[in-house]
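Here's a quick briefing to read with the model open. It goes topic by topic, so jump around as you like.

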Amino acid sequence: MGRYVARRLLQMIPVFFGATLLIFLMVNVMGDPIAGLCGERACDTATAAQLKRQFGLDMPLWRQYTTYMGNVFTGDFGSAFNGQPVTQLMASAFPVTIRLTVVAILFEIVIGIALGVVTGLRRGRPVDTSVLVLTLVVISVPTFVTGLLLQLLLGVQWAWIKPSVSPEATFGELIVPGLVLASVSLAYVTRLTRTSLAENRRSDYVRTAVAKGLPRRRIVVRHLLRNSLIPVVTFIGTDIGALMGGAIVTERIFNIHGVGYQLYQGILRQNTQTVVGFVTVLVLVFLVANLLVDLLYAVLDPRIRYA
Amino acid sequence: MRGVARARWAAGAAVVLLALAACGGGAGGSGGRVLSSSWGDPQNPLEPSNTNEVQGGKVLDMIFRGLKRYDPKTGKAENMLAERIDTTDSRHFTITVKSGWKFSNGEPVTAHSFVDAWNYGASLRNNQRNAYFFGYIQGYDKVHPETGTQTADTLSGLKVTGPRTFTVTLGQKFSTFPDTLGYAAFAPLPRAFFTHHSAWLDKPVGNGPYAVESYTRGAQMTLRRWDGYPGPDKARNDGVTLVVYTDSNTAYTDVLAGNLDLVDDIPAGQLKNVRTDLGGRYINTPAGILQTLAFPFYDPKWNTGGARKVRTGLSMAINREQITRTIFRNTRTPATDWTSPVLGTDGGYKPGLCGKACEYDPAAARKLIREGGGIPGGQLKITYNADSGSHKQWVDAVCNSINNVLGNDRACVGNPVGTFADFRNQIGRHRMTGPFRAGWQMDYPLIQNFLQPLYYTGASSNDGKWSDKRFDHLVDRANAESDKAGAIRLFQQAETVVRDNMAAIPLWYQNGSAGYTDRLHDVALNPFSVPVYDRVKVG
């Protein structure tokens, strides 16, 4: 186990460097950020040159990258063009996005798996068919449509919630945005659980358990569900990263100042430091989430052993 | 036993959910006579000489008052902190500051408050984006050389002569210089700005009717009325909360739901519903913004006598009336000169100065373009940035209009650039091969501001590098002219040079728009399309 984890952690190093280098290059390809910084009117040459020096943009690209990486390892992610350190932006953005992700993942786990169990156990019944159709609808409607529709209905027409989220972004305010963010994944989780459950129902160990006369609840929860959840856990695990980085649309609709907002702003203003910094952290989140998922397999299925 | 445990768990979850729901809310709505208003994250640190966009300008307008202030209705420059600004030769000015003015931290506003601020703004070392505003003052080339390091720390043209008086010497004659002093870059600064700079940036202190109570960067700023404000325009409400929105659509929805009081940028997509949504609580007033198509005069193809005819022909091939009506729903007005209606005819706005060259006339347009040798390069590519505004729609409409006139579907196409930053970058590197979007938002309501920075040889915003000796000469004469009416006449003559060469095609004058909830009264936009917050009544 320990050796496995160590090996995985070592594998993360090249992935980490490769990903950051790619992002660094991609942001730089977009062109000179100083031009955008000065607005409609070009900065005079002296100021532009000075700004370039200040942000280290006058150095060759490889120097910029090595300096940047060197700074990252000392905990300095540089500063945004408005003078705010990127670490400060992260400190304000990540808690918000983590809360949003937690709400979304909870929705996926609670509603997604519950619906999956219900439909998986009642295959072909009306409940199953209607849930299937519903998931199809949710998957095919883009997130921004769901988001704007819920915002208009719940926020303006019925006034149940506030259409936008305040800067504090408490859990209560994030329930609707979280649901919107989770909606598509939720539908996938339902379908995955349903299929996996329906397959395992016919397996030998379930038949044995039924023959032993175990209570139905115990069969479903302890034997059937535990074995059927492996693909679902994989999906949710990778989804954590996707939800954190991919919340740009949802965050925009509900005016949430999270990671998506900072990334969007950073890309628009061609702020290398912000974009690379946030993406670096997201890459780390992805890698760690993947490792955790793999370790979770062993817990769910004792047949899986890591050496 | 198991059942009991599960019931407990469910009850616990229910309690947590309820608690969460109770946590929510409370933040958006503002109590008392405080209004909330939409805001965008300022791009640069909130220093007066470093703020060149409207979102930061919004705050500066609330927390600062300068020597002059532009009347929110008429746009006329009127004395605010200035008691007198005297000159005999339009080059040496003596400025007297009124007594009794203070910053909200109690420090009195003196001549030093201005001179130190201006020296800070001009100095190359401070990286101020608006430094060139001080370029008229003598000694600017020493503190802000084009290359190399600065050889002086202060402008030699600024001298403090008394506690409340100082003199300004300009590098050349500039008769309307006093009227430029209402621009935010010329605001006075307290000592704390220099001594505790980063603390000041976290919570700016000024001398305006509002004081900053708290500022969370990138999220919101709360401003409260400053009761000790000595000026005549005390705030009529208790404060303003500025909330950062990423998307103006969300801000608009929030106003509909009553979660926000004022949105000062109605998204283009909502313009057709806005009257039914908000009824009379929608304002749409002219702002000092002119949209034009600029040309790359550094490209020899565009810098010929024939190309001049082509440009005029293109101008006549654009059906401005139809585009402003259908796409912008009359939030823009077809342009007939190169200034803006907010200047007023006294200020130099001259409707119809463009004459036939700005009227839609397909036959004449075809003729001129043919005479001029056709479109240089065979196809017209209008470059614009696709990331903001509704530029794609109008560029496509302009191209359609031109294509219809020429009877050729491929005569004109839009050329989108992904981000504004890249767009500016390509312009800066002279990569344009055809016309490109150019918008001009005035800094101060003077005709000089609509002409000199854009068309004078080597001027700061002359992106197309247009150069004309006659134009430069007329502008120089206008700046030296001490009689205001005479100066405006000369500027208008210079404008006819722009017209005869069609240095840029004027498209339309842009309006400012805003919507608000029924809690607010007396909402208005100033000529810079910023809400006049201190006049708004709440409740």
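**Strands of chain B**

Strand S12 (residues 282-294) of chain B pairs with S16(B) in the antiparallel sense, over six bridges. Bear in mind that this is a predicted model. Below are the strand pairings in chain B, then the A/B contact, then a helix pair and the domains of chain A.

*Around S16(B)*

- Strand S16 of chain B covers residues 436-441, and five of its six residues are buried, so call it mostly covered.
- For a spot to click on, take Leu290(B): its bridge partner in S16(B) is Trp440(B).

*Around S17(B)*

- How many of the 13 residues of strand S17 (residues 504-516) of chain B are buried? The count is 13 of the 13, so S17(B) is largely enclosed by the rest of the structure.
- S12(B) turns up again here, running antiparallel to S17(B) and joined to it by eleven bridges. Within S17(B), Gly512(B) is the residue opposite Thr285(B).
- Strand S13 (residues 332-334) of chain B also pairs with S17(B), in the antiparallel sense and over three bridges. Here Thr333(B) sits opposite Tyr509(B) of S17(B).
- Strand S11 (residues 262-263) of chain B is joined to S17(B) by two bridges, and the two run antiparallel. Look for Val263(B) opposite Gly515(B) in S17(B).

**Where chain B meets chain A**

- On the chain B side, 50 residues are in contact with 51 residues of chain A.
- Helix H1 (2-23), helix H8 (248-257) and helix H15 (420-428) of chain B are the elements that give two or more residues to the side touching chain A.
- Which of them gives the most? That's H15(B), with six residues.
- Sorted by class, the side of chain B that touches chain A has 22 polar, 18 nonpolar and ten charged residues.

**A helix pair in chain A**

- Helix H5 (residues 86-121) and helix H12 (residues 259-268) of chain A have axes that come within 7 Å and cross at roughly 135°.
- That angle is neither under 35 degrees, nor over 145, nor in the 65 to 115 range, so H5(A) and H12(A) are oblique to each other.
- H5(A) brings Leu89(A), Ala93(A), Phe94(A) and Thr97(A) to the contact, while H12(A) brings Val259(A), Tyr261(A) and Gln262(A).
- The class count for this contact is five nonpolar, two polar and no charged residues.

**Domains of chain A**

- The domain assignment splits out domain 1 (2-72) and domain 2 (93-269) in chain A.
- Taken over C-alpha atoms, the centres of domain 1 and domain 2 of chain A are 35 Å apart.

How values were computed. Residues numbered from 1 in each chain as written. Chains lettered and ligands numbered in written order. Predicted model: local features only at pLDDT ≥ 70, side-chain atom pairs only at ≥ 80, totals over all residues. Contact = placed C-beta atoms within 7 Å. Helix = DSSP H or I, 4+ residues; strand = E, 2+ residues; numbered from the N terminus. Nonpolar A, V, L, I, M, F, W, Y, C, P; charged D, E, K, R; others polar. Domains from an automatic or database assignment. Buried ≥ 20, exposed ≤ 12 C-beta atoms within 10 Å, placed from the backbone. Pairing = 2+ DSSP bridges. Axes fitted to C-alpha atoms, helices over the stretch in contact; angles between N-to-C directions.
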